[in-house]
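This report describes selected contacts in one protein chain. Please keep the sequence and the structure in view while reading.

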Amino acid sequence: MTTVRAAITQTKWTGDKESMLDKHEQFARDAAAEGAQVICFQELFYGPYFGITQDKKYYEYAEPVDGPTVTRFAALAKELNMVMVLPIYEEQQTGVYYNTAVVVDADGTVLGSYRKQHIPQVEKFYEKFYFKPGNLGYPVFDTAVGKVGVIICYDRHFPEAWRMLGLNGAHLAFNPNATKPGLSNRLWEVEQPAAAVANGYFVLAPNRVGLEDNEYGDEAVNFYGKSQIVDPRGNYVGEMGSGEHEELLIRDLEMDLVRQMRDDWQFYRDRRPDGYGEISAL
């Protein structure tokens, strides 16, 4: 079997951007030391999850894709020979911002970006204040570890998003998150396994962890971590991450399971797109 060693991370907001960047660089170095070939960080990895308030000061966290954060981690990817998925706050131009994941190949080449398509606007997830809806579709990138696609957090509630990654060829689907206790708890347990089975690929879902009271005091959200990696048959690969502490999860993925699952369950053969046209009209 072809094996890919993959890493995902979960951590709390430290209180400043530079220490977050340093922390994630160390995560990458630690993962590389253990043989990881690909790593994905949590949603908006170098800042707080600022969606719990509506405050213009957080626009300052936005950077262009060719800005200092991606440039730094692209160089690190090349040094470590590691594919990286970097969830950033993207400034496309002055005043135009996206919730974006940048995919960097193991040679440091920036392959492209995914911009979060589904933008929530509910209590403590006031994301429409910060982000335009994505407009790059559901790209899948040919990387040193295979075909990689990304959706971000709230996107996971929409099965069409997962399906688009599969139809576009993904074998590894990353879903970086900032997810808190409440209505999502049970969904967190079932959505990733269901998506993995329905699409016959691996799902890798890092989530933030801990209480960001150093930024928001009594308004802070306590993210529950429990980052997870799921195989194409819907089984967790190893244990979920901690519900309380930061963690680096490293798992070996047997990539032949993608073909085995798709050959056993011919969902791509048997789907009927000719009967689904009304979905886009309703």
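The sections below treat aromatic pairs, charges over rings, a sheet and salt bridges in turn.

## Aromatic pairs

The model is predicted, and it holds 25 aromatic pairs. In one of them, the ring centres of Tyr-58 and Tyr-216 lie 6.0 Å apart with the planes at 45 degrees, so this pair is tilted. Distant parts of the chain are linked by this contact: Tyr-58 belongs to the loop between strand S2 (38-40) and helix H2 (68-80), Tyr-216 belongs to helix H5 (residues 213-216), and the two are 158 residues apart. Both Tyr-58 and Tyr-216 are buried.

A tilted pair is also formed by Tyr-59 and Tyr-97, with 5.1 Å from centre to centre and 35 degrees between the planes. Because Tyr-59 is in the loop between S2 and H2 while Tyr-97 is in strand S4 (residues 96-104), the pair ties together parts that are 38 residues apart in sequence. Tyr-59 is partly exposed, at a relative accessible area of 23%, whereas Tyr-97 has 13% and is buried. Tyr-58, Tyr-59, Tyr-97 and Tyr-216 also belong to a cluster linked by ring pairs, whose members include Trp-13, Phe-50 and Phe-129.

## Charges over rings

Two contacts of a charged residue with a ring may be noted here. Lys-17 lies over the face of Tyr-46, 4.8 Å from the ring centre. Arg-115 places its charged end over the ring of Tyr-98, at 4.1 Å from the centre of that ring.

## A sheet of five strands

Strands of a sheet pair through backbone hydrogen bonds, in either a parallel or an antiparallel manner. In this model, five strands form an open sheet with mixed pairing, in the order S8-S9-S10-S11-S14. Strand S8 (140-143) and strand S14 (228-230) are the edge strands, each pairing on one side only. On average, neighbouring strands of this sheet are turned by 20 degrees against each other, direction ignored.

At one edge, strand S11 (residues 202-205) pairs with S14 in the antiparallel sense over three bridges. Ala-205 has Gln-228 in S14 as its bridge partner.

## Salt bridges

The number of salt bridges comes to 18. Arg-115, already met above the ring of Tyr-98, forms a salt bridge with Glu-90, and their closest N and O atoms are 2.8 Å apart. Glu-90 is in strand S3 (residues 83-93) and Arg-115 in strand S5 (residues 110-115), so this pair ties together parts that are 25 residues apart in sequence. Both Glu-90 and Arg-115 are buried.

Arg-156 and Glu-191 meet through their side chains in a salt bridge at 3.0 Å, N to O. Since Arg-156 lies in the loop between strand S9 (146-150) and helix H3 (159-167) and Glu-191 in helix H4 (residues 184-199), the contact ties together parts that are 35 residues apart in sequence. Arg-156 counts as buried at 3% relative accessibility, and Glu-191 is buried with a relative accessible area of 13%.

Within helix H4, Arg-186 and Glu-189 are three residues apart, about one turn of the helix. Their side chains form a salt bridge of 2.6 Å, N to O. Arg-186 counts as exposed at 54% relative accessibility, while Glu-189, at 37%, counts as partly exposed. Elsewhere, a network of salt bridges links Asp-22, Glu-25, Arg-29, Arg-72 and Glu-79.

Definitions and conventions: Residues numbered from 1 in each chain as written. Predicted model: local features only at pLDDT ≥ 70, side-chain atom pairs only at ≥ 80, totals over all residues. Heavy atoms only, no water. Phe/Tyr/Trp six-rings, centres within 6.5 Å; stacked < 30°, edge-to-face > 60°. Helix = DSSP H or I, 4+ residues; strand = E, 2+ residues; numbered from the N terminus. Buried < 20%, exposed > 50% of the residue type's maximum accessible area, 1.4 Å probe, protein only. Lys NZ or Arg CZ within 6 Å of the ring centre and 35° of its normal. Pairing = 2+ DSSP bridges. Axes fitted to C-alpha atoms, helices over the stretch in contact; angles between N-to-C directions. Salt bridge = Lys/Arg side-chain N within 4 Å of Asp/Glu carboxyl O.
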